Amino acid sequence: MAHFYIGVMSGTSLDGIDIALLEQDQRPKLLATHYIPMPEDLRAELLGLCSPGDDELARAAIVEQKWVRLVAQGVQALLNEQKLVAGQIRAIGSHGQTIRHEPARGFSIQIGNAALLAELTEITVVTDFRRRDVAAGGQGAPLVPAFHEALFDDNKDRRAVLNVGGFTNLTLIESDRPVSGFDCGPGNVLLDAWIQAQRNLPYDRNGEWSASGEVHQPLLQALLSDPFFLTQGPKSTGREVFNLGWLKQHLQAFAELPAHDVQATLLELTARSITQSLQGAQSGTIELLVCGGGAHNQALMDRLASLLPNTRVSSTAQFGVDPDWVEAMAFAWLAHCCLESVPANRPTVTGARGLRVLGAIYPA
């Protein structure tokens, strides 16, 4: 029997909130979407919680209420657009907003006040997907590989799915072994931070500013020398490691470097960290499907294709799935898995001790 679910995703880029309506039957099917741009004041408050500061507990509690009220408005708008009512939705799968991700210290924190969301929408909410995996010794991320497997595994061998959001993660699909995957490193997070600091623009549209510069090889090698890039999966990362402060530390040795060359080097860092990870973990990849905001960065897509001459590189749109909505779909699907008691982590991805049912349920 088919059920309707809503997925809510607010990623590390902090650019907005994705809300997706999913029909779950034999295969997940995207029915409708709604996007909420992140208000600048809310973005600043959320970003401020990603690093230590004063009165963090109270600030987080207040900010998540603002976030939830925005999500509830978006959910209601989506229902109105589709002429649906709350009682027709089995559950909302809410990722919440990650403010700290430190699995090595035993925690990953997403705020999102699911109790308030359930009250405001009158829909069951499933949330807190990462902590059970972390409790079982895993990284708690990435969680999308199991969904990528459900969506894109049609017995094609040596296929990979790449999500490029604030950070990048790979899902590796081979016919003779369990699905695997891991975070590769920064995706848009440094590119966005640098163009915001230098040109007061929210992001580098189509990678045009990156394409105007030249890659500075000494800086690139310095960036790639970070210990994260030298380790094998399972592994995950976040703003705790890769941020504007991290970049500026490296730039101290290259003070005269033009800003557009820095941007070009950051794009190359994203591309190289992805391709080196892919080649090291799954040689001979036949097809790479790209989703997330980075799928629209033509300079990045061209560079991936150049670095992977024997691999077909394309957006998931070529597979009939809008690249902008894969993650929101994933959290709707994770809510379905939780309510059906289906394990949704993959130990080969996160390093957890075994399969676990993920999520906490807040009934309507």
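Biologist: What is the order of the strands in the open sheet of 5 strands?

Modeller: In this predicted model, the order is β9-β8-β7-β10-β11, and the pairing is mixed.

Biologist: What makes β9 and β11 edge strands?

Modeller: β9 (177-186) and β11 (312-315) each have a single partner strand, so one side of each lacks a neighbour in the sheet. From one strand to the next, the twist averages 20°.

Biologist: How do you know that β7 and β8 are paired?

Modeller: Pairing requires at least two bridges between two strands. β7 and strand β8 (residues 167-174) are joined by 6 bridges and run antiparallel, so the requirement is met. In β8, L170 stands opposite L162, and L172 stands opposite A160. The two strands, β7 and β8, form a hairpin with 2 residues between them.

Biologist: What makes β7 and β10 a pair, and in which direction do they run?

Modeller: They are joined by 5 bridges, set against a minimum of two. β7 and strand β10 (residues 287-291) run parallel. One of the bridges places N163 with C291 of β10.

Biologist: Why is strand β7 called largely enclosed?

Modeller: A residue is buried when its relative accessible area is under 20%. In β7 (residues 159-164), 6 of the 6 residues are buried, so the strand is largely enclosed by the rest of the structure.

Biologist: Which residues of β7 point one way, and which the other way?

Modeller: R159, V161 and N163 point one way, while A160, L162 and V164 point the other way; all are buried. In a regular strand, side chains alternate between the two faces of the sheet.

Biologist: Which strands does helix α10 touch as it packs on the sheet?

Modeller: α5 lies across β7, β8, β9 and β10, running at about 50° to β8. Helix α10 (residues 259-281) also packs on the sheet and touches β7, β8, β9 and β10; its direction makes about 155° with that of β9.

Biologist: Why is α5 called roughly perpendicular to α12?

Modeller: The axes of α5 (residues 144-152) and α12 (residues 326-339) come within 9 Å and cross at roughly 95°. Angles of 65 to 115 degrees count as roughly perpendicular, so α5 is roughly perpendicular to α12. On the α5 side, the contact is made by V144, A146, F147, H148, A150 and L151; on the α12 side, by V326, E327, M329, A330 and W333. These residues divide into 9 nonpolar, 1 polar and 1 charged.

Biologist: Why is R27 called partly exposed?

Modeller: Its relative accessible area is 42%. Partly exposed lies between the limits of 20% and 50%, so R27 is placed in that class. R27 is in the loop between β2 (16-24) and β3 (28-37).

Biologist: What does R27 touch, not counting residues up to four places away in sequence?

Modeller: R27 touches A150, L151 and F152. A polar atom of the R27 side chain lies 3.5 Å from the backbone oxygen of A150.

Biologist: Why is S341 called exposed?

Modeller: The relative accessible area of S341 is 53%, and exposed means over 50%, so S341 is exposed. S341 is in the loop between α12 and α13 (347-350). Its phi is positive, about 55°, although S341 is not a glycine.

Biologist: Why is D128 called partly exposed?

Modeller: D128 has a relative accessible area of 25%. The limit for buried is under 20% and that for exposed is over 50%, so D128 is partly exposed. D128 lies in the loop between β6 and α4, and its phi is near 55°, a positive value in a residue other than glycine.

Biologist: Which residues of helix α3 are buried?

Modeller: In α3 (residues 114-121), A114, L116, L117, A118 and T121 are buried. Their cover includes α2 (56-81), β4 (89-102), β6 (125-127) and β12 (360-362). Just after α3, E122 takes a positive phi of about 60°.

Biologist: Where does a cis peptide bond have omega of about 0°?

Modeller: That bond joins G233 and P234. P234 is in the loop between α8 (217-224) and α9 (244-251). The peptide bond from A141 to P142 is cis, with omega near -10°, and P142 lies in the loop between α4 (131-135) and α5.

Methods. Residues numbered from 1 in each chain as written. Predicted model: local features only at pLDDT ≥ 70, side-chain atom pairs only at ≥ 80, totals over all residues. Heavy atoms only, no water. Helix = DSSP H or I, 4+ residues; strand = E, 2+ residues; numbered from the N terminus. Buried < 20%, exposed > 50% of the residue type's maximum accessible area, 1.4 Å probe, protein only. Contact = heavy atoms within 4.5 Å. Polar contact = N/O pair within 3.5 Å; in protein donor to acceptor, adjacent residues only side chain to side chain. Axes fitted to C-alpha atoms, helices over the stretch in contact; angles between N-to-C directions. Parallel < 35°, antiparallel > 145°, perpendicular 65-115°, else oblique. Nonpolar A, V, L, I, M, F, W, Y, C, P; charged D, E, K, R; others polar.
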